[in-house]
Amino acid sequence: MEILLIIRFCCNCTYALLYKPIDRVTRSTLVLHDLLKHTPVDHPDYPLLQDALRISQNFLSSINEDIDPRRTAVTTPKGETRQLVKDGFLVEVSESSRKLRHVFLFTDVLLCAKLKKTSAGKHQQYDCKWYIPLADLVFPSPEESEASPQVHPFPDHELEDMKMKISALKSEIQKEKANKGQSRAIERLKKKMFENEFLLLLNSPTIPFRIHNRNGKSYLFLLSSDYERSEWREAIQKLQKKDLQAFVLSSVELQVLTGSCFKLRTVHNIPVTSNKDDDESPGLYGFLHVIVHSAKGFKQSANLYCTLEVDSFGYFVSKAKTRVFRDTAEPKWDEEFEIELEGSQSLRILCYEKCYDKTKVNKDNNEIVDKIMGKGQIQLDPQTVETKNWHTDVIEMNGIKVEFSMKFTSRDMSLKRTPSKKQTGVFGVKISVVTKRERSKVPYIVRQCVEEVEKRGIEEVGIYRISGVATDIQALKAVFDANNKDILLMLSDMDINAIAGTLKLYFRELPEPLLTDRLYPAFMEGIALSDPAAKENCMMHLLRSLPDPNLITFLFLLEHVAEKEPINKMSLHNLATVFGPTLLRPSEVESKAHVTSAADIWSHDVMAQVQVLLYYLQHPPISFAELKRNTLYFSTDV
């Protein structure tokens with residue numbers, strides 16, 4: 001009886017001292033989350049609630065790290081205990097081709113596996129491709145790494161085609177569900193969508209992650225995100241701090257360990273949207289405006305910068321990069337970026353120390369390796385970001401705190417064309433008004449931005465695709481609107497991505513698209529024609545129907561974009577994706593009749609807009625004289 005009382009007393013003490021406080025913090029966190037959700041952003045208590053919620057979440061995260069329920073143990077025939085620490089799908093380069101693998105990190109071994117093909121009704125199993133005891137695993141330094149096997153990169157335009165197919169299939173599935181279509185038809189569409197998503201997941205990663213067995217072979221993975229590469233490296237290095245012994249698994253031990261992977265795995269499905277449940281959030285579609293303010297907590301001065309990543313089509317991609325702030329422990333960037341979201345649910349911020357040592361080159365991609373100082377991630381909660389006001393927050397990473405602000409603009413709002421109230425500037429003013437005032441054939445802003453890009457940005461990989469700093473773009477916009485005499489000096493000092501961004505912004509803010517509202521339905525019909533001769537006649541006739549300032553400017557831009565494509569490594573398809581909606585998207589009044597779903601970034605209209613520009617980009621050079629035989633030959637000397 002006394003023993004029972006003692007046991008009961010111990011249990012009560014354990015509950016009171018251990019579980020009850022944690023349970024109280026958990027409930028407090030939920031209450032804080034609800035309070036924050038219903039508190040106006042401009043309320044004086046809002047930042048205090050944010051801080052309290054962040055402290056609570058960080059505390060619970062630290063508790064979860066110590067008692068992670070995923071670390072389920074597996075016992076080997078020798079009675080040894082191993083725990084699964086991390087697992088996930090990675091793309092391995094094997095025999096000069098890409099293979100999707102499921103990688104399992106245990107407390108003393110890294111195992112690379114492939115899911116076996118089994119007939120219906122049979123239990124699924126993994127096949128071990130290789131393993132490395134952590135005691136034998138090393139990360140080769142850049143100078144030590146061997147040249148990577150030749151893997152042909154997947155063409156950008158084919159990756160973009162896959163994205164468009166995926167989005168089109170997603171729209172078809174939604175339509176079938178809305179119309180209560182047959183389940184067979186929906187399953188067939190889902191299968192096609194999965195096939196395209198699988199190919200995209202397999203062929204899009206480009207960031208090398210090499211590991212080496214000190215007793216033999218090296219293995220190379222390709223990742224889409226530097227954040228992910230850092231997570232795997234840190235998880236392995238943390239385990240290697242323990243006293244680990246080298247070993248060789250017998251065939252029985254390996255069979256037992258591989259057999260346990262199916263039950264222990266925490267990542268059950270390939271990370272593609274077709275594997276999501278219907279009730280899961282589709283993510284955000286539109287534009288996320290992010291200001292990276294500053295960072296503190298560095299132990300010593302360094303050359304520091306940040307990158308921003310968001311998830312898209314099941315994997316993360318780098319979208320923006322701040323300037324390098326030199327020789328400081330408290331960088332203050334205050335740089336704003338506009339990031340396009342495609343079903344995104346998370347934002348990642350990575351902080352780097354810039355390396356200028358040319359001997360530190362990664363032979364897998366010939367890039368200098370910069371050191372990650374810290375990294376952090378936040379969920380993009382629609383209720384938090386979908387406000388008119390900026391939402392300020394702090395991400396804590398390895399003792400470093402990065403302060404940033406963000407706000408989200410839905411696609412339909414961000415692409416709305418609004419005429420400028422001041423007709424003295426150039427942004428938001430009809431192109432015919434600007435060219436008449438300037439007595440030019442092509443607006444001055446277009447000529448100067450194109451000239452500067454061709455002078456020093458044409459070899460920039462991904463020019464027009466990488467975001468420029470929004471504050472720089474707004475500064476250039478103000479200078480062009482005011483017709484400031486310092487325009488040329490400012491252009492020569494400005495980052496080239498900001499100049500490219502200014503050119504895109506000019507076309508996006510035209511009160512009417514460059515290819516006009518009036519002709520938009522005809523362009524949509526023309527691009528859908530199946531007969532090549534009929535399509536050629538129609539598309540050329542539509543160009544002839546454009547007002548002269550619009551036509552000359554379009555041809556000027558076409559020549560600039562198409563001819564320089566082999567140098568800047570941006571495929572014509574990528575350029576059409578960047579410029580197509582900008583040059584064709586109807587103004588607000590017209591768009592109501594054409595845009596179907598603001599949540600679907602790749603709606604049928606957007607795809608058609610891309611195809612229209614791609615048609616002209618792939619067409620042999622078009623001259624103004626051919627289209628307007630009674631006028632002077634077109635010249636870029638405007």
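This is a guided tour of a predicted model, given as a series of selections to make in the viewer.

**The whole chain**

Begin with the entire chain displayed as a cartoon. Its secondary structure amounts to 21 helices and 19 strands. The chain has 638 residues, and 48% of them are buried. Consider next the contacts that link residues at least 6 apart in sequence: 71% of these join residues at least 24 apart.

**Helices α3 and α4**

Select residues 156-178, which form helix α3, together with residues 183-203, which form helix α4. The two axes come within 9 Å of each other and cross at roughly 155°. Because angles over 145 degrees count as roughly antiparallel, α3 is roughly antiparallel to α4. The crossing of this pair is left-handed.

Now show the side chains where the two helices meet. On the α3 side, select Leu 159, Met 162, Lys 163, Lys 165, Ile 166, Leu 169, Lys 170, Glu 172, Ile 173, Glu 176 and Lys 177. On the α4 side, the partners are Ala 185, Ile 186, Leu 189, Lys 190, Lys 192, Met 193, Asn 196, Glu 197, Leu 199, Leu 200 and Asn 203. Colouring this contact by residue class gives 11 nonpolar, two polar and nine charged residues.

**Asp 334 in strand β13**

Move to strand β13, residues 332-344, and select Asp 334 within it. Asp 334 is not a glycine, yet its phi is positive, at about 50°. Is this residue buried, partly exposed or exposed? Its relative accessible area is 44%, so Asp 334 counts as partly exposed.

**Strand β18: Asp 393 and Val 394**

Select strand β18, residues 391-397, and locate Asp 393. Val 394 has its place in β18 as well. The accessibility of each residue can be set against the cut-off, since buried means under 20% relative accessible area. Asp 393, with a value of 17%, is therefore buried. Val 394, with a value of 21%, is partly exposed.

Add Ile 378 to the selection and draw distances between C-alpha atoms. Asp 393 is 15 residues from Ile 378 in sequence and 9.8 Å from it in space. For Val 394 and Ile 378, the separation is 16 residues in sequence, and the C-alpha distance is 9.8 Å.

**Gln 448 in helix α10**

Proceed to helix α10, residues 444-456, and select Gln 448. Gln 448 is buried, its relative accessible area being 11%. Which residues does Gln 448 touch, once those up to four places away in sequence are set aside? They are Phe 480, Leu 488 and Leu 491. Keep Phe 480 displayed, as it appears again at the next stop.

**Helices α11 and α13**

Select helix α11, residues 470-482, and helix α13, residues 496-508. Their axes come within 9 Å and cross at roughly 60°. The two helices are therefore oblique to each other, and their crossing is right-handed.

The contact uses Asp 472, Ile 473, Gln 474, Leu 476, Lys 477 and Phe 480 from α11. From α13 it uses Ala 498, Ile 499, Gly 501, Thr 502 and Leu 505. By class, the residues of this contact are six nonpolar, three polar and two charged.

**Thr 516 in the loop after α13**

Follow the chain into the loop between α13 and α14, the latter spanning 520-527, and select Thr 516. Thr 516 has a positive phi of about 70°, although it is not a glycine. With a relative accessible area of 5%, Thr 516 is buried.

**Thr 553 in helix α16**

For the final stop, select helix α16, residues 548-563, and centre the view on Thr 553. Why does Thr 553 count as buried? The reason is that its relative accessibility is 0%. Show Pro 549 and draw the distance from its backbone oxygen to the side chain of Thr 553, which reaches it at 2.8 Å.

Finally, display the surroundings of Thr 553, omitting its neighbours within four places in sequence. The residues in contact with Thr 553 are then Ile 431, Lys 441, Val 442, Pro 443, Val 446, Phe 507 and Leu 514.

Conventions:
Residues are numbered from 1 along each chain as its sequence is written. This is a predicted model: local features need pLDDT of at least 70, side-chain atom pairs count only at pLDDT 80 or more; totals for chains, interfaces and linings use all residues. Side-chain values use heavy atoms; hydrogens and water are left out. Helices (H or I, at least four residues) and strands (E, at least two) are DSSP runs, numbered from the N terminus. Buried means under 20% relative accessible area, exposed over 50%, partly exposed in between (1.4 Å probe, protein chains only). A polar contact is a pair of N or O atoms within 3.5 Å; within protein, one must be able to donate a hydrogen and the other to accept it, and residues adjacent in sequence count only if both atoms are side-chain atoms. Contact means heavy atoms within 4.5 Å. Axes are lines fitted to C-alpha atoms, for helices over the stretch in contact, and angles run from 0 to 180 degrees between N-to-C directions. Angles under 35 degrees count as roughly parallel, over 145 as roughly antiparallel, 65 to 115 as roughly perpendicular and the rest as oblique. A crossing is left-handed if the near helix is turned anticlockwise from the far one by less than a right angle, and right-handed if clockwise. Ala, Val, Leu, Ile, Met, Phe, Trp, Tyr, Cys and Pro count as nonpolar, Asp, Glu, Lys and Arg as charged, and the others, Gly among them, as polar.
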